[in-house]
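This report is meant for someone meeting the structure for the first time. Please look over the sequence and the model below before reading on.

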Amino acid sequence: MGLNNQFKLAAQKIVTAFGDVGVSTNYEAVTSTSANTYNASTGVAAAVYSTVAGVTVIFDVFELRQIDGKIVQPEDKKALIPAKSISAVTPTPEDRIVVAGVPWRVVNVRTDPAEALWELQVRKS
């Protein structure tokens with residue numbers, strides 16, 4: 001087992017160890033954008049998503065000095081997700097995290113050098 005995989009396992013264990021701090025969510029990766037997907041039954045162009053269910057996410061807030069009202073807005077959150085829990089997808093802006101039926105749109109994506117933990121900037125849609 002490589003070092004990179006060890007880091008991914010460690011990140012997964014850390015999030016699991018936090019237990020009640022983590023929130024079970026659905027991660028929805030955009031597979032097709034609204035620009036090229038038309039739903040004939042609703043008459044609306046909309047994005048199509050692939051869902052990864054039961055993903056544990058730890059939400060955090062941005063520091064006041066990071067909130068500029070443009071790139072980082074006051075209601076934005078950090079969503080920390082172990083890479084192992086969504087290994088089938090690579091997060092991108094416009095993906096979504098759905099918590100209790102409420103979608104949070106991914107605005108920005110960062111990861112650590114080992115790509116063991118995703119740090120997503122999310123905003124309520």
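The account that follows moves from the overall layout to the strand pairings, the core and a few individual residues.

## Overall layout

The model is a predicted one, and its protein chain holds 1 helix and 8 strands. Followed along the sequence, these elements appear in the pattern α-β-β-β-β-β-β-β-β. The protein chain has 125 residues, of which 30% count as buried, and it exposes about 7,500 Å², with carbon and sulfur atoms supplying 56% of that area. Among the contacts between residues at least 6 apart in sequence, 57% join residues that are at least 24 apart.

## The barrel and its pairings

How many strands close into a barrel, and in what order? The barrel is made by 6 strands, arranged in the order 1-4-5-8-7-6, and the pairing is antiparallel. From one strand to the next, the twist averages 45°. As background, the strands of a sheet pair through backbone hydrogen bonds, in either a parallel or an antiparallel manner.

The table lists pairings between strands, each with its number of bridges.

| Strands | Sense | Bridges |
|---|---|---|
| Strand 4 and strand 5 | antiparallel | 4 bridges |
| Strand 5 and strand 8 | antiparallel | 6 bridges |
| Strand 6 and strand 7 | antiparallel | 4 bridges |
| Strand 7 and strand 8 | antiparallel | 7 bridges |

Individual residues show how these pairings are laid out. Between strand 4 and strand 5, the bridge partner of Phe-59 is Ala-79, while Lys-77 stands opposite Val-122 in strand 8. Ile-97 has Trp-104 in strand 7 as its bridge partner. Strand 7 covers residues 102-111 and strand 8 covers residues 117-124; across this pairing Val-109 is partnered with Leu-120, and Asn-108 stands opposite Gln-121.

Strand 5 also stands out for its burial: 5 of its 6 residues are buried, so this strand is largely enclosed by the rest of the structure.

## The nonpolar core

The largest nonpolar core has 17 residues, and those with the most contacts inside it are Tyr-27, Val-55, Ile-81, Ile-86, Ile-97, Leu-120 and Val-122. The elements that each give two or more residues to this core are strand 1, strand 4 (48-61), strand 5 (77-82), strand 6 (96-99), strand 7 and strand 8.

Leu-120 illustrates how one core residue reaches several parts of the chain, for, leaving aside residues up to four places away in sequence, the residues it touches include Tyr-27, Ala-79, Ile-81, Pro-91, Ile-97, Val-106 and Val-109.

Thr-25, which lies in strand 1 (residues 23-32), can be described in a similar way. Is Thr-25 buried or exposed? Thr-25 has a relative accessibility of 2% and therefore counts as buried. Residues up to four places away in sequence again being left out, Thr-25 touches Val-52, Ala-53, Gly-54, Val-55, Val-57, Ile-97, Val-98 and Val-99.

## The aromatic pair

A search of the whole structure finds 1 aromatic pair. Phe-59 and Trp-104 form this pair, which is tilted, with 6.1 Å from centre to centre and 45° between the planes. Because Phe-59 lies in strand 4 and Trp-104 in strand 7, the pair ties together parts that are 45 residues apart in sequence. As for the surroundings of the two rings, Phe-59 counts as partly exposed at 25% relative accessibility, whereas Trp-104 is buried, with a relative accessible area of 10%.

## Positive phi values in loops and turns

Which residues that are not glycine have a positive phi? Glu-94 is one of them, with phi near 90°; Glu-94 lies in the loop between strand 5 and strand 6 and is partly exposed, with a relative accessible area of 40%. Ala-100 is another, with a positive phi of about 50°, and Ala-100 counts as exposed at 81% relative accessibility. Ala-100 belongs to the loop between strand 6 and strand 7, a hairpin that has 2 residues between its strands. Strand 7 and strand 8 also form a hairpin, in this case with 5 residues between them, and Glu-115 in the turn has a positive phi of about 55°.

Conventions:
Residues are numbered from 1 along each chain as its sequence is written. This is a predicted model: local features need pLDDT of at least 70, side-chain atom pairs count only at pLDDT 80 or more; totals for chains, interfaces and linings use all residues. Side-chain values use heavy atoms; hydrogens and water are left out. Buried means under 20% relative accessible area, exposed over 50%, partly exposed in between (1.4 Å probe, protein chains only). Contact means heavy atoms within 4.5 Å. Accessible areas come from the Shrake-Rupley method with a 1.4 Å probe; for residues, only the protein chains shown count as cover. Two strands pair if DSSP finds at least two bridges between them. Axes are lines fitted to C-alpha atoms, for helices over the stretch in contact, and angles run from 0 to 180 degrees between N-to-C directions. A nonpolar core is a set of buried Ala, Val, Leu, Ile, Met, Phe, Trp, Tyr and Cys residues joined through side-chain atoms within 4.5 Å. Rings of Phe, Tyr and Trp (its six-membered ring) pair if their centres lie within 6.5 Å; planes under 30 degrees apart count as stacked, over 60 as edge-to-face and the rest as tilted.
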